[in-house]
Amino acid sequence: MKGFGNIMKEAQKLQQQMERMQAEVAQKTVEATAGGGMVTVHANGKQELLSIKIDPEVISKDDAQMLEDLVLAACNEALRKSRELVQQEMGKLTQGLKIPGLGL
């Protein structure tokens with residue numbers, strides 16, 4: 001039964017490390033752009049969008065669809081980069097192990 005106690009200690013240690021990593025990654029940000037920088041989006045490691053910047057030259061009431069597409073593309077790319085950031089940090093913690101329920 002001594003082995004089980006060690007497993008539990010290791011599991012608790014891993015949980016604490018994960019909580020620390022999640023707090024750290026939440027403070028990190030990623031940036032994504034679309035349209036050659038006409039739309040820029042920042043997101044954090046919690047997959048929250050923090051800001052959207054739109055070049056005023058792109059704003060046209062005659063071509064709202066293009067602007068919508070650029071914003072959507074930049075948002076999706078920022079969220080993809082945010083998920084990638086979390087996976088990289090998780091990989092450092094688990095040292096490459098695939099643990100069901102821990103990845104995104």
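How many residues apart are glutamate 89 and lysine 92 in helix α2? They sit three residues apart, which is about one turn of the helix. Keep that pair in mind, as we'll come back to it after a quick tour of the chain. One thing to say up front: what you're looking at is a predicted model.

Let's start with the overall layout. The chain has two helices and three strands, and if you walk along from the N terminus, the elements run α-β-β-β-α. Of the 104 residues in the chain, 27% are buried. Now take the contacts between residues at least 6 apart in sequence: 48% of them join residues at least 24 apart. As for the outside, the chain exposes about 7,400 Å², and carbon and sulfur atoms supply 53% of that area.

Now back to our pair. The side chains of glutamate 89 and lysine 92 meet in a salt bridge, at 3.1 Å from N to O. Lysine 92 has a relative accessible area of 59%, so it counts as exposed, while glutamate 89 comes in at 12% and is buried, because the cut-off for buried is under 20%.

Glutamate 89 has another partner, too. Its side chain also meets that of lysine 28 in a salt bridge, this time at 3.2 Å from N to O. Lysine 28 lies in the loop between α1 (2-27) and β1 (29-34), whereas glutamate 89 is in helix α2, so this pair ties together parts of the chain that are 61 residues apart in sequence. Lysine 28 is partly exposed, with 34% relative accessibility. Put the two bridges together and you get one network, in which shared partners join Lys28, Glu89 and Lys92.

How many salt bridges does the whole structure hold? A search finds five. One of them is between glutamate 77 and arginine 80, whose closest N and O atoms are 2.6 Å apart. Here again both residues lie in helix α2, three residues apart, about one turn of the helix. Glutamate 77 is partly exposed at 25% relative accessibility, and arginine 80 is partly exposed as well, at 35%. The background to such pairs is simple: side chains of opposite charge can pair when their charged atoms come close.

Next, have a look at the surface, beginning with charge. Asp62, Asp63, Glu68 and Asp69 gather there in a patch of negative charge. Of these, glutamate 68 belongs to helix α2, which covers residues 64-94. That is the helix that also holds glutamate 77 and arginine 80, along with glutamate 89 and lysine 92.

There's a nonpolar patch on the surface as well. Which residues make it? Leu49, Ile52, Ile54 and Ile59 do, and together they form a patch of about 330 Å². One of them, isoleucine 54, is found in strand β3, which spans residues 49-54. With a relative accessible area of 33%, isoleucine 54 is partly exposed. Patches take in residues with over 30% relative accessible area, so isoleucine 54 makes the cut.

Key:
Residues are numbered from 1 along each chain as its sequence is written. This is a predicted model: local features need pLDDT of at least 70, side-chain atom pairs count only at pLDDT 80 or more; totals for chains, interfaces and linings use all residues. Side-chain values use heavy atoms; hydrogens and water are left out. Patches are made of residues with over 30% relative accessible area and no salt bridge: like charges are joined within 9 Å, nonpolar side chains (Val, Leu, Ile, Met, Phe, Trp, Tyr) within 5 Å. Accessible areas come from the Shrake-Rupley method with a 1.4 Å probe; for residues, only the protein chains shown count as cover. A salt bridge is a side-chain nitrogen of Lys or Arg within 4 Å of a carboxyl oxygen of Asp or Glu. Helices (H or I, at least four residues) and strands (E, at least two) are DSSP runs, numbered from the N terminus. Buried means under 20% relative accessible area, exposed over 50%, partly exposed in between (1.4 Å probe, protein chains only). Lys and Arg count as positive and Asp and Glu as negative; His and the chain ends are not counted. The place of a charge is taken as NZ of Lys, CZ of Arg, CG of Asp or CD of Glu. Contact means heavy atoms within 4.5 Å.
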